[in-house]
Amino acid sequence: MDSLEHWHLMKHDDGTVFGPISFSQIKDWARAAQVSPLDKISYDRVSWTKAPMFPDLEMDWLLHVSDDHYYGPTTLSAIQEFIKEGDITTDTTVINCRTATEQTVADLAFLAAEEADPYENENERLMKRVRRLENAVLEDRRAVRRLETRLNALLEAIGAREENL
């Protein structure tokens, strides 16, 4: 991929666009579990493609989260992050989208080794989880406020146009 800074990454959750940046920067972000399967990438800011469609990002894995819910495709590093955070266990099923093979995290020894600290007591794990969820709620509230501001601005613009008609 082009190493010149011509690429843009659009975050799905709030529409924030990063760029122009190099594709290698986007790859680094994907490896750091900072690119969502719903994020989009563009070279020209006109045509946008979902991040997992770029093979170089190696977003090849689906997580079977519940009976009817999958997450991904995502990277191995994102899966490792979910393990560290306690969001998934070694019993979680992962599917390699390229090979169509299905296995558990435990079958992928290098991933299972990243599981949560066994010496950390359950209360500490739960407190960390609560803090993560509280932070996620705060981020969601900020996103809602930004969207409400955008909506109000659009409604005002529509009202102004209707008055001019």
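This is a dialogue on reading the fold, the surface and the salt bridges of a predicted model.

Reader: How many helices and strands does the protein chain have, and what pattern do they follow along the sequence?

Author: Begin with the elements and then their order. The model is predicted, and its protein chain has 4 helices and 8 strands. Along the sequence they run β-β-α-β-β-β-β-α-β-β-α-α.

Reader: What share of the contacts joins residues 24 or more positions apart?

Author: Among contacts with a separation of 6 or more, 43% are between residues 24 or more positions apart.

Reader: What percentage of the residues is buried, and how much area does the protein chain expose?

Author: A residue counts as buried when its relative accessible area is under 20%. Of the 165 residues in the protein chain, 25% are buried. The exposed area of the chain is about 11,100 Å², with 53% of it supplied by carbon and sulfur atoms.

Reader: How many salt bridges are there in the whole structure?

Author: The criterion is a side-chain nitrogen of Lys or Arg within 4 Å of a carboxyl oxygen of Asp or Glu. A search of the whole structure gives 4 salt bridges. One of them pairs Asp39 with Lys11, with 2.5 Å between the closest N and O atoms. Asp39 sits in the loop between helix H1 (23-31) and strand S3 (40-42), and Lys11 in the loop between strand S1 (7-10) and strand S2 (17-21), so the pair ties together parts 28 residues apart in sequence.

Reader: Are Asp39 and Lys11 buried or exposed?

Author: Both residues of this pair, Asp39 and Lys11, are buried.

Reader: Which residue forms a salt bridge with Arg31, and how are the two placed in helix H1?

Author: The partner of Arg31 is Asp28, and their closest N and O atoms are 2.8 Å apart. Because Arg31 and Asp28 are 3 residues apart in helix H1, about one helical turn separates them. Arg31 counts as partly exposed, at 46% relative accessibility, and so does Asp28, at 39%.

Reader: Where in the chain do Asp60 and Arg98 lie?

Author: Asp60 and Arg98 form a salt bridge whose closest N and O atoms are 2.9 Å apart. The pair links distant parts of the chain, 38 residues apart. Asp60 is in the loop between strand S4 (49-50) and strand S5 (61-66), and Arg98 is in the loop between strand S7 (93-96) and strand S8 (101-104).

Reader: What are the relative accessible areas of Asp60 and Arg98?

Author: Read each residue of a pair separately. Asp60 has a relative accessible area of 15% and is buried, whereas Arg98, at 54%, is exposed.

Notes: Residues numbered from 1 in each chain as written. Predicted model: local features only at pLDDT ≥ 70, side-chain atom pairs only at ≥ 80, totals over all residues. Heavy atoms only, no water. Buried < 20%, exposed > 50% of the residue type's maximum accessible area, 1.4 Å probe, protein only. Contact = heavy atoms within 4.5 Å. Areas by Shrake-Rupley, 256 points an atom, 1.4 Å probe, with all protein chains shown as cover.
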